[in-house]
Structures are given as structure tokens and as C-alpha cells.
Amino acid sequence: MPELPEVETTLRGIEPHVVGKTIERITIRTDKLRWPIPTEIKRLLKDKEILSVERRAKYIFINADIGSLIIHLGMTGSLRVIDGKTPVQKHEHIDVLLKNGQVMRYKDARKFGCFLWTKESPHGHDLITRLGPEPLSKEFNADYLFRTCRNKKIAIKAHIMNQKHVVGIGNIYASEALFKSGISPTKAAHRVSKAKLELLVKESKKTLKAAIKQGGTTLQDYINPDGAPGYFAIKLKVYGKEGEPCPNCAKPIKAKMIGQRNSFYCSGCQK
Ligand SMILES: [Zn+2]
């Protein structure tokens, strides 16, 4: 599924093509994604200018003066700006046609994404207010993470993947950051030392930044020729490498389900 770096890259990809542009027409080809698509956006956004775009967690906000679209790519979604004459493919559910002839096209095969509308600030929307801090913000630091870990017997990996504590650290990034910090993914959150949490915060940020940087240099690669979202090829040390030798100590990498997610780690290097 598109993770935070892919969403950030999508945002950076569409931004120069939509900000300052005026909407000609919105076409909706399905009733609902995860939730019903508000059809009033066709009327409300006609002739309106897109003033800005923003990302919060894995949501994209498209802001006009009368309100904002709140878009999520779900498991399989993509959003791209292409020539308005490009034939519509299967699963391409929404077109935001701009007056310059380009179209911002939303595709989502499994329909777990969302395309919502709010007249208020999107930051105040129910889906958004319950989210923890951005992983790359100053708010996400060792002091903060240490506080959230107090009295939590849940595995540290599940803890940092909980969007209430910090957003956007998906399965791949959690596995990699825990490996680089030498923390076992199964360790109870309250038993991880503050020094280790400091390392974990640092490695989480580094891993995400590397993926975003990679996305920036290979922007087109995110959408494969068939229009399906791809993944940034960051160098992975443990994720998906069960049975392969650990790059540090050569012990075989283990795999284990934690919080319904497959987790990869080295029992020699991660305590
Ligand atoms: Zn190892």
C-alpha cells in the first residue's frame, strides 16, 4: 500500500500542476470508495481555484476557498495529473478536470481509499484530529515517545505503528528502524530505554527521509506503466528477508506476526 513517502511524493508530484489552477468539471464514476463520494463537489467546486495542497499523515488535502477535498489512497490508490484526453482506464473513479485541459485522476482498484469534502479546515476533521504527530516533525522526539510508552505492555513495533502515537510509520519502516536501533520488535513498549527510543526516533526519521528522497528522484517510477502504484526501492536490511543472513551478524533473519503484521528482525542484533 502507498506509505507516507509515496503519499508525500504524490503530493509533490501534483502540487506544481494543480495549485493556482481552476476546476472546470469533476466526474465521478463510482458511488463510494471506503465511504460515499459527496456528489455536491461537482457543483461546489466548479470554477473554483485550487489554492494549496497539503499532506497530513497519509491524507492529501486539496484546498479551495470554500473548503477542502480530503483524499486517501487506501491500499491501492493513486492520484496523478495527466492530459485530460487520456482515455479512462478501469478503476479510475474520479476526474478533476482543470481549465487548462489537464486532469487530476484518482484510481483505486480495491476502493479502500477516500475522497471526502469538508467546508471547515481539514485539520479539524474527525479523521484527522485523532492522529498523532508527523514522524518528521520536532514533536516526534524521544521525550514524547517515552511518555507514550509508559505503562504500555504492547510490543514496541505495534506501538509505533499506532497512528495515535505517531503517523506514517508503516510496516516496512517500523521493521527497518527497529533493526537499525537494535530493538526487538516484540519488546514491551514500556521496557524500551529512553536512550533506545532516542535512537528509534532518529532511525525512523532517517528511513522515511531516505525513501522520500528516493521518491523525489524517481517520481515516475511510483506509478508503473500499467498505472498501478509501486514502491520506492530503498535498501532494506531485514524487511521481507526471512531466512537470509543478517547484514550485521549473519544469523538468519526471523519473521513473526505482531499485531497482525508480519515483522522481520534479527534475534542476535535486536534485544
Ligand atoms: Zn544480526
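Is Cys 269 buried, partly exposed or exposed, and what is its relative accessible area? In this predicted model, Cys 269 is partly exposed, because its relative accessible area is 22% and the partly exposed class lies between 20% and 50%.

**The zinc site**

Cys 269 is one of the protein donors of the zinc ion, which also include Cys 246, Cys 249 and Cys 266; each contributes its SG atom, and they lie 2.2 to 2.4 Å from the ion. Along the chain, these donors follow the spacing C-x2-C-x16-C-x2-C. Cys 246 and Cys 269 link distant parts of the chain, being 23 residues apart. The four donor atoms subtend angles of 99 to 118 degrees around the zinc ion, and the arrangement is therefore tetrahedral. Cys 246 counts as buried because its relative accessibility is 4%.

The two linked donors are set out below.

| Donor | Location | Relative accessible area |
|---|---|---|
| Cys 246 | loop between helix H7 (194–217) and strand E9 (254–258) | 4%, buried |
| Cys 269 | segment after strand E10 (261–265) | 22%, partly exposed |

**Helix H6**

Helix H6 spans residues 171–181, and 10 of its 11 residues are buried, so the helix is largely enclosed by the rest of the structure. Among the buried residues are Ile 172, Tyr 173, Leu 178 and Phe 179, together with Asn 171 and Glu 176. Gly 182 follows H6 and has a positive phi, near 70 degrees.

**Domains**

The domain assignment gives domain 1 as 4–129 and domain 2 as 142–265. The centres of domain 1 and domain 2, taken over C-alpha atoms, are separated by 29 Å.

How values were computed
Residues are numbered from 1 along each chain as its sequence is written. This is a predicted model: local features need pLDDT of at least 70, side-chain atom pairs count only at pLDDT 80 or more; totals for chains, interfaces and linings use all residues. Side-chain values use heavy atoms; hydrogens and water are left out. Donors are N, O and S atoms within 2.8 Å of the metal (3.2 Å for Na, K and Ca); water is not among the atoms, so sites may look incomplete. Four donors count as tetrahedral if all angles lie between 85 and 135 degrees; four count as square planar and six as octahedral if opposite donors are over 155 degrees apart and all others between 65 and 115; anything else is irregular. Helices (H or I, at least four residues) and strands (E, at least two) are DSSP runs, numbered from the N terminus. Buried means under 20% relative accessible area, exposed over 50%, partly exposed in between (1.4 Å probe, protein chains only). Domain bounds come from an automatic or database domain assignment.
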